[in-house]
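Trainee: I've got a model open and I'd like to practise reading it. Can we go through it together?

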Amino acid sequence: MATIKLQQVTDKEQICQVAQLADEIWHEHYQNILSPEQIDYMVERYQSVQAITEQLEQGYHYLLALEDGQPCGFCGYHRETDRMFLSKIYIRKDFRRRGIASAFLKQVTEESQGLAAIYLTVNKHNAGSIAAYQHFGFETIDSVVTDIGHGYVMDDFIMQKSL
């Protein structure tokens, strides 16, 4: 059985691994939801080496999942006043349904001690991810359309899990 290991992302090599995973996963996962141009724009804006480095400097945390040493997914989160913002969970297609999301959520929950909830945003057309979050106890509490520039928007549900 494969061994999953989670590592805190702290150095340039890990940041590069996360950025490479993001590019691969976003193009595969969102190809039927977003245009290729919007995917490219969002990966560059939110998941490039520069963007991840800036997020880490702003207090975000990233976890990199390795299965038998191979990078297979990542998670990003940020502690707020009374809730944890689960910014992202992305897992390579061929590594899904192996407990990696559960491992990420367990770690984020442990780091959310003393907070009221964990919340996230998810694309309204991302049915598989919505179902997965519901499985983990998240409920839809709102919806939001966010202008992200260049004529693009994020059309998301806000989901939350009380702690």
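Mentor: Sure! Keep in mind that this is a predicted model. Let's start with Arg-97, which has a relative accessible area of 87%.

Trainee: Is Arg-97 buried or exposed, then?

Mentor: The cut-off for exposed is over 50% relative accessible area. Arg-97 comes out at 87%, so it counts as exposed.

Trainee: Where is Arg-97 placed, and what is its phi?

Mentor: Look between strand S4 (83-91) and helix H4 (100-110): Arg-97 is in that loop. Its phi is a positive value, in a residue other than glycine. For Arg-97, phi is near 65 degrees.

Trainee: Which loop holds Asp-68, and is that residue buried or exposed?

Mentor: Asp-68 is in the loop between strand S2 (61-67) and strand S3 (70-79). Its phi is positive too, near 50 degrees, and this is a residue other than glycine. With a relative accessible area of 56%, Asp-68 is exposed.

Trainee: On to the helices. How do H1 and H3 cross: parallel or oblique?

Mentor: The axes of H1 (residues 12-29) and H3 (residues 49-57) come within 9 Å and cross at roughly 120 degrees. That angle makes H1 oblique to H3.

Trainee: Which residues make the contact, and how many of them are nonpolar?

Mentor: H1 brings Lys-12, Ile-15, Cys-16, Val-18 and Ala-19. From H3 come Val-49, Ile-52, Thr-53 and Leu-56. Sorted by type, the contact has one charged residue, one polar, and the nonpolar ones number seven.

Note on methods: Residues numbered from 1 in each chain as written. Predicted model: local features only at pLDDT ≥ 70, side-chain atom pairs only at ≥ 80, totals over all residues. Heavy atoms only, no water. Axes fitted to C-alpha atoms, helices over the stretch in contact; angles between N-to-C directions. Helix = DSSP H or I, 4+ residues; strand = E, 2+ residues; numbered from the N terminus. Parallel < 35°, antiparallel > 145°, perpendicular 65-115°, else oblique. Contact = heavy atoms within 4.5 Å. Nonpolar A, V, L, I, M, F, W, Y, C, P; charged D, E, K, R; others polar. Buried < 20%, exposed > 50% of the residue type's maximum accessible area, 1.4 Å probe, protein only.
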